[in-house]
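Student: I should like to learn how a structure of this kind is read, feature by feature. May we begin with the backbone and then turn to the helices?

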Amino acid sequence: MTSLSTTGYSLVPDYSFEFSPNCFSDVSELRPPLIFGMVISLSGPDNFTGQRYQAGLMAAIAERNAQGGIGGHMLSLLVRDDQSNSSTAGALGEELMTIEDVFAVFGTTKTSEALSLFNDSVSNGVPFIGPMSGSMALRSPFVRSVIHLRASCEDEVMALVTFFVQTRGWSGVGYLSLSEDPGE
């Protein structure tokens with residue numbers, strides 16, 4: 001029998017649920033979940049990246065919940081598909097922040113969608129975690145509630161140039177850039 005002590009029930013061999021005798025006997029043990037939101041491209045041109053981002057985040061949440069959550073609070077994720085569209089991303093982000101009252105918002109695969117969520121998160125005071133964009137428009141000026149998991153494009157290029165010049169001894173490096181989104 002697999003015990004799911006944080007929920008007060010057990011999974012028995014035939015996959016039905018069985019409540020424990022002292023289920024919810026101590027109300028102080030009940031803590032509301034921390035609800036996170038995610039706006040990501042699950043369809044549209046960026047669906048490949050978006051689906052993998054979602055799968056990775058869901059795996060991390062499941063792992064944390066298996067360890068008891070954060071401070072006894074289980075984590076929950078509300079996911080919205082922006083269909084690779086920046087105006088849809090903005091509307092979905094606003095819904096998650098104002099109607100669903102999420103603790104923080106994860107997401108976006110492109111700069112245009114990230115900028116929509118960035119502005120909404122700042123105005124609503126909701127942390128924005130992990131925009132996949134390397135755009136400086138999301139970094140300057142610095143905003144404490146935006147948590148980047150990726151370096152800026154400038155930092156990435158500088159690291160590459162430094163590597164090739166200092167480690168490989170190259171004397172010159174060419175750079176070609178494609179700007180397809182605002183802020184890049």
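Tutor: Q83 is found in the loop between β5 (75-81) and α2 (86-98). Helices (H or I, at least four residues) and strands (E, at least two) are DSSP runs, numbered from the N terminus. The phi of Q83 is near 55°, a positive value in a residue other than glycine.

Student: What kind of model is this, and how are residues numbered?

Tutor: This is a predicted model, in which local features need pLDDT of at least 70 and side-chain atom pairs count only at pLDDT 80 or more, while totals for chains, interfaces and linings use all residues. Residues are numbered from 1 along each chain as its sequence is written, and side-chain values use heavy atoms, with hydrogens and water left out.

Student: Which residue in the loop between β6 and α3 has a positive phi although it is not a glycine?

Tutor: That residue is T108, with a phi of about 80°; T108 lies in the loop that joins β6 (104-107) to α3 (111-124).

Student: Is T108 buried or exposed?

Tutor: Buried means under 20% relative accessible area, exposed over 50%, and partly exposed in between (1.4 Å probe, protein chains only). T108 has a relative accessible area of 0%, and therefore counts as buried. Of the 184 residues of the protein, 32% count as buried.

Student: Where is there a cis peptide bond?

Tutor: The bond from S140 to P141 is cis, with omega near 5°. P141 is found in the loop between β7 (128-129) and β8 (146-147).

Student: How many helices and strands are there in the protein, and in what order do the elements run?

Tutor: The protein has four helices and eight strands. From the N terminus on, the order is β-β-β-β-α-β-α-β-α-β-β-α.

Student: What span should helix α2 have?

Tutor: The expected span of a helix is 1.5 Å times one less than its number of residues. Helix α2 (residues 86-98) has 13 residues and should therefore span 18 Å; its end C-alpha atoms are 18 Å apart, which agrees. The 15 residues of helix α4 (residues 153-167) should span 21 Å, and the end C-alpha atoms of α4 are 21 Å apart, so these values agree as well. Just after α4, G169 takes a positive phi of about 75°.

Student: Which residues of α2 are buried, and what covers them?

Tutor: In α2, the buried residues are A89, G90, L92, G93, L96 and M97. What covers them includes β4 (34-40), β5, β6 and α3.

Student: At what angle do α2 and α3 pack?

Tutor: Axes are lines fitted to C-alpha atoms, for helices over the stretch in contact, and angles run from 0 to 180 degrees between N-to-C directions. The angle between α2 and α3 is about 25°, and their axes are 8 Å apart. Angles under 35 degrees count as roughly parallel, over 145 as roughly antiparallel, 65 to 115 as roughly perpendicular and the rest as oblique. The angle therefore makes α2 roughly parallel to α3.

Student: Which residues make the contact?

Tutor: Contact means heavy atoms within 4.5 Å. From α2 the contact takes S86, A89, G90, G93, E94, M97 and T98, and from α3 it takes S112, E113, S116, L117, D120, S121 and N124.

Student: Where is I35 found, and what does I35 contact beyond its neighbours in sequence?

Tutor: I35 is found in strand β4 and is partly exposed, with a relative accessible area of 29%. Leaving aside neighbours within four places in sequence, I35 is in contact with S76, L78, V102, F103 and A104. The C-alpha atoms of I35 and D101 are separated by 8.0 Å, although these residues are 66 residues apart along the chain.
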